[in-house]
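Reader: I want the reasoning behind each label in this structure. Take me through it step by step.

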Amino acid sequence: MRKLAAMLSTLSLLACAGAAAGAGTPPKIPKIPGKWSHVELNVVIKRVPHTLIVDRGKITQITTTSLTLHENTGVNQVIPLTGATIVTVDGAPAGISSLRRRMSATTLRVDGGAAVRVRATV
């Protein structure tokens with residue numbers, strides 16, 4: 001229980017730090033220990049409540065406006081994308097066009113919107 005409380009406080013600090021780092025700069029994808037596929041975290045950033053939604057799985061379909069993740073629970077999650085989505089592949093900055101089927105990916109959405117970040121590995 002203490003680990004969970006510490007993790008949640010760390011995640012909220014990460015979210016606040018990411019939002020405060022610059023105008024419109026989205027928070028970084030938090031490191032969440034354990035085996036998971038979908039996490040929703042309620043945080044307050046600049047006195048405004050937000051829900052951070054983190055999904056993890058294998059990319060099964062990709063277009064310029066969305067990607068579909070097959071999560072380890074068997075659920076296929078469709079994640080909207082925009083031109084503002086920040087993408088990294090194997091730690092290097094990339095574009096949406098660099099994402100491919102069968103890549104492992106973690107996405108971050110805020111308040112149910114389009115992904116603000118996608119972190120993929122080959």
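Author: Start with the status. This is a predicted model. The chain has 122 residues, of which 36% count as buried. Its secondary structure comes to one helix and eight strands. From the N terminus the order is α-β-β-β-β-β-β-β-β.

Reader: What makes E1 and E2 a pair of strands?

Author: Pairing needs at least two bridges. E1 (residues 38-45) and E2 (residues 48-62) are joined by eight bridges, so they pair. They run antiparallel. Ile45 stands opposite Val48 in E2. Two residues separate the strands of this hairpin, and Lys46 in the turn has a positive phi of about 50°.

Reader: Which strands does E2 join besides that, and how do you know that they pair?

Author: Apply the bridge count again. Seven bridges join E2 to E7 (residues 104-110), and four join E2 to E3 (residues 66-70). Each count meets the minimum of at least two, so both are pairings. E2 and E7 run antiparallel, and E2 and E3 run antiparallel. For examples, Val54 has Leu108 in E7 as its bridge partner, and Gln61 has Thr68 in E3. E2 and E3 also form a hairpin, with three residues between them.

Reader: Why is Asp55 called buried?

Author: Asp55 lies in strand E2. The limit for buried is under 20% relative accessible area. Asp55 has 0% relative accessibility, so it counts as buried.

Reader: What touches Asp55, leaving out residues up to four places away in sequence?

Author: The list includes Trp36, Ser37 and His38. Leu69, Gln77, Ile79 and Arg109 are also among the residues that Asp55 touches.

Reader: What makes the Asp55 and His38 link a polar contact?

Author: The cut-off for the N or O atoms is within 3.5 Å. The side chains of Asp55 and His38 are joined at 2.6 Å, so the distance fits.

Reader: How many salt bridges does the structure hold?

Author: The structure holds one salt bridge. Asp55 forms a salt bridge with Arg109. The pair links distant parts of the chain, with Asp55 in strand E2 and Arg109 in strand E7, 54 residues apart.

Reader: Why is that pair called a salt bridge?

Author: Side chains of opposite charge can pair when their charged atoms come close. The test asks for a side-chain nitrogen of Lys or Arg within 4 Å of a carboxyl oxygen of Asp or Glu. The closest N and O atoms of Asp55 and Arg109 are 2.9 Å apart, so the pair passes.

Reader: Is Arg109 buried or exposed, and how do you know?

Author: Arg109 has a relative accessible area of 8%. Buried means under 20%, so Arg109 is buried.

Reader: What about Ile53: is it buried or exposed?

Author: Ile53 lies in strand E2. Its relative accessibility is 8%, so under the 20% limit Ile53 counts as buried. Leaving aside neighbours within four places in sequence, its contacts include His38, Val39, Leu108 and Gly112. Ile53 and Asp111 are 58 residues apart in sequence and 7.4 Å apart in space, C-alpha to C-alpha.

Reader: Which side chain makes a polar contact with Asp111, and what makes the contact qualify?

Author: The side chain of His50 does, at 2.6 Å. The cut-off is within 3.5 Å, so the distance qualifies. His50 has its place in strand E2. Beyond residues up to four places away in sequence, His50 touches Leu41, Asn42, Val43, Ile45, Val110 and Asp111.

Reader: Which residues touch the most other members of the largest nonpolar core?

Author: Leu67, Leu99 and Val118 do, in a core of 14 residues. E3, E5 (86-89) and E8 (115-121) each supply at least two residues of this core. E8 gives the most, with three residues.

Reader: Which residues are in contact with Leu99, neighbours within four places in sequence left aside?

Author: They are Ile59, Ile62, Leu67, Val87, Val89, Val118 and Ala120. Apart from the largest core lies another core, of 10 residues, among them Ile29, Trp36, Val39 and Ile45.

Reader: How much area does the chain expose?

Author: The chain exposes about 7,200 Å², and carbon and sulfur atoms supply 59% of it.

Conventions:
Residues are numbered from 1 along each chain as its sequence is written. This is a predicted model: local features need pLDDT of at least 70, side-chain atom pairs count only at pLDDT 80 or more; totals for chains, interfaces and linings use all residues. Side-chain values use heavy atoms; hydrogens and water are left out. Buried means under 20% relative accessible area, exposed over 50%, partly exposed in between (1.4 Å probe, protein chains only). A polar contact is a pair of N or O atoms within 3.5 Å; within protein, one must be able to donate a hydrogen and the other to accept it, and residues adjacent in sequence count only if both atoms are side-chain atoms. Contact means heavy atoms within 4.5 Å. Accessible areas come from the Shrake-Rupley method with a 1.4 Å probe; for residues, only the protein chains shown count as cover. A nonpolar core is a set of buried Ala, Val, Leu, Ile, Met, Phe, Trp, Tyr and Cys residues joined through side-chain atoms within 4.5 Å.
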